[in-house]
Number of protein chains: 2
Amino acid sequence: MGAVSKLITEGIKSRVRRPSLFSKLTTVDDLIASGFFKNGMRMGWSGFTGVGYPKVTPIALAEHVEKNNLQGKLRFDLFVGASTASETEDRWAKNGMIARRYPYQVGKTVQKEINANRILFADKHLSEFPLDLVSGYYTLEKKGNDIEKLDVVIVEATAITEEGHIIPGASVGATPEIVQSAAHVVLEVNTVLPNYEGLHDITLGKFAPYKFPNLIQRVDDRVGTPYIPLDNDKVIAVIESEKLDKTSDSELQDDASHRIANNILEFLEHEVTMGRLPIHLLPLQSGVGNIANAIIGGLADGPFTDVEVWTEVIQDTFLDFWEHHKLSFASATSVAFSPSGFKRFYEMWDELKDRLVLRSQSVSNSPEVIRRLGVIAMNTPVEFDIYGHANSTHVCGTRMLNGLGGSNDFLRNSKLSIMHTPSTRPTKNDPIGISCVVPMCSHIDQTEHDLDILVTEHGLADVRGLAPIERAKLIIEKCAHPDYKPILKEYFDMAENKCMSIGAAHEPQMLDKVFKMHLNVMSKENTMRIKSW
Amino acid sequence: MGAVSKLITEGIKSRVRRPSLFSKLTTVDDLIASGFFKNGMRMGWSGFTGVGYPKVTPIALAEHVEKNNLQGKLRFDLFVGASTASETEDRWAKNGMIARRYPYQVGKTVQKEINANRILFADKHLSEFPLDLVSGYYTLEKKGNDIEKLDVVIVEATAITEEGHIIPGASVGATPEIVQSAAHVVLEVNTVLPNYEGLHDITLGKFAPYKFPNLIQRVDDRVGTPYIPLDNDKVIAVIESEKLDKTSDSELQDDASHRIANNILEFLEHEVTMGRLPIHLLPLQSGVGNIANAIIGGLADGPFTDVEVWTEVIQDTFLDFWEHHKLSFASATSVAFSPSGFKRFYEMWDELKDRLVLRSQSVSNSPEVIRRLGVIAMNTPVEFDIYGHANSTHVCGTRMLNGLGGSNDFLRNSKLSIMHTPSTRPTKNDPIGISCVVPMCSHIDQTEHDLDILVTEHGLADVRGLAPIERAKLIIEKCAHPDYKPILKEYFDMAENKCMSIGAAHEPQMLDKVFKMHLNVMSKENTMRIKSW
């Protein structure tokens, strides 16, 4: 107890309001030395989009593997709501510590290993992942709905309540269901982050026939608890953490992003004029990246007031949106600011804490709630095609980037679904070597049945109610880069003629040529600007 | 009034309980002679999957066009919840009377015209179509949410209530929202069908921010009214109809269907044993066609009791399912029996009327309710691919069959999503000329993120939790026809090697060869059994 009492620091005392947990305080070195972590374990972490992930234990485990040459010998199936950080999962990937990874990831090495099939990865709609986990879909050899599905779960808390429940940090994600599925729990109590208490609204994933309506009717409704319930008997270790979330600086917004944002803002004004949107709009969802940042930045300076947000991740430009008194309330599953953004966020805390709520990803991304609220969804794909399908995941159909994420939770169920992308991207040989508008997506994550609006810096195609051939003409006309327009037009005309001649022209394609642009960019020419079809 | 009083038949008196509507009684000839119907009108009909559609007016309008050589000169945009019948929409298609058709259809001529782009067709998730209509997405040039979007709507009723509201027949579909969107309504009161009063539970499509939780928690919950509300001021004509729904005989179940059904029943028993399904299963959705009929037939003779159904369409074998006391309650948006099936249905009416409810398609197909109830969804595609994407709509990527229908309302949101198909279909040259398991679907309606189980007569692949390369191996092994197995295996091995060499092997494909099987079946060889890759 002498050793333990030394661990009851002022920090721990101020954050852990359940004294019986003090007896489980330990150091990460002792935990690892105990031999608890074994090769082949199914492991869960808290965290979502680079915030709220456990730091001390994963980093110490990586060091343990590196020091003892255990690379490839201490491997885990890793379940996290979404991505964590380079210092944890990417370092684990380098050390061969990840056998499987679900359902979303970020990191150069993780991606490399996934594309070499040394890490088995399956992405999944983020709203469904926690329910699939609880339903036993990742543990098919186990019987029953209530079995402990994950051998160990490592969770970061910013406080522990009197009842021993978890107050998370900057993300909720799938942590409630991951904790619910745990056989054993390692608690990392972070004493350098602020205590986020009161910012969360937590509900647990229930499965049929024990599932009830989600009664959220407004973005600021609360239907859950401010904590993640925790069965304290499962806790095998409590460890103090003094590490901050390692987030990156926010991406610079280029000219193309601003032009895309302007196209979208103009369109939203048009919809208000036409009476299809209320003057304060409907709740917005905005993806991550520089276009999303530009759109939110544009809204912060734009004509709309009292705007609400129902989204997955809150990024830096939302701070302006609030500060300019345009954003009235935001709901998300994580706040993933840059380091300077977090500084601003904490300075604005007193004002923002009543204008923000963080929910479970099964709620932030819930089809039920998204459809009810009439969310306006906006995301960036790898590419979209002339008929309005989009590819969010696989470059040239085969190389995984990060995963599907919540893109289709939102785009499929929103009232207005908007896909925005620059019209081109550079290759080594050609500054516009990749057209993001193609004849057929090389991988399809969002179908033509899901998308209403397609936008690039060149224009906006509103394809609601249009037949495929009408969509194709409009998308090529409005969205394609001028250099690709004649190429795509020629393709469409040839395909239409060919398919008309065989009575099969509802959605004209030429299956022998459809990926010619993709094949060309994969070849030595390294550009989609083909000379002929 | 003399002319009108002759129209107040015993049939009309027994069905129309709102006497003020008698003054609007007319004959279809007088209605057409009045010149009300004009070229270019947007028109809505009641009806869903061949039942409950208006018959008198559409058939008389077709005769009018034929007699007066108006082919191609009296054209309408036609909005119906789903398909109607050959005697109406297919005859209209022959007469060039359809300019646009949303969102689903059946009929040889309709399909031919759609594939020649003489009818502009866009298919859409059936749950979303009514909301898109009410939201003005098919009438983008009109202002406001509440404008009358359809110039005229023709509705079949089996009775009219004291308040002047509509009691539909064998389907609800999108009729509530179509009526809600009407400027003018023509009522066809069917006096030869039974009065279906009491069988329906009707809710109207509302749009955000006026949308509330749907409180259905059990398949037999009722949350609406037994009628479709109707503003009687919109009624321009009331016409008596003495025509029955023209349905077809149900398809014969072949040996392959029975083997597929057995594979699924075995799997469901396994899931019960593993504790992932309750012993009475979860509510079932079953598509249309002979495999669906075989599955329901198998359940009627199978081990499960007190089974519930939450589906879109009820077909003939459901009658056995009820009669064998295995089916406790069914919810759908239409009952589409064969003529002999309807005879049995009416004989069983007294028993069945408390074990069946017909709802709006926005509810029967609601993602919110499907996910809450944990529906087990089963559908037949055109083809599925080795990674678990499916094509429900376009043969060889370009020729439209019927449309997406509700397939992905169910498959996307269900607790268990099952795609079943025969492993092959015949061509003129080859009895197994088409493999329904292909390297990449030529059109994608359901993505790999949506499907759990893929089944053919050869076996069942449970791909839950698997990475793409694991899925591919399992799907080829379990589902492909023995003659296609080596072809698909060779493709996968080649693709994996090629993609591994460039570090892009998460979902291996060869874009230059991926549609070679499709191209070969489209060629003179007319088979997918290619000799080499």
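On one side of helix α18 of chain A, N497(A) and S501(A) are exposed, where exposed stands for over 50% relative accessible area, buried for under 20%, and partly exposed for the range in between, computed with a 1.4 Å probe on protein chains only. Before I go on, this is a predicted model, in which local features need pLDDT of at least 70 and side-chain atom pairs count only at pLDDT 80 or more, while totals for chains, interfaces and linings use all residues. Residues are numbered from 1 along each chain as its sequence is written, chains are lettered from A and ligands numbered from 1 in the order in which they are written, and side-chain values use heavy atoms, with hydrogens and water left out.

Turning to the other side of α18(A), the buried residues are I487(A), L488(A), Y491(A), F492(A), A495(A), E496(A) and C499(A). They lie on the same side of the helix because they cover an arc of only 160° around the axis, the arc being that of the directions from the helix axis to the C-beta atoms. These buried residues pack against β25 (437-438), α17 (468-479) and α19 (516-522) of chain A, with contact meaning heavy atoms within 4.5 Å. Just after the helix, G503(A) takes a positive phi of about 65°.

As for β25(A), this strand belongs to an open sheet of three strands with mixed pairing, in the order β19-β18-β25 of chain A. Both β19 (390-391) and β25 are edge strands with a single partner each, so one side of each has no neighbour in the sheet. Strand β18 (residues 383-385) runs parallel to β25(A), joined by two bridges, and F384(A) stands opposite V437(A); pairing requires at least two bridges found by DSSP. Helices (H or I, at least four residues) and strands (E, at least two) are DSSP runs, numbered from the N terminus.
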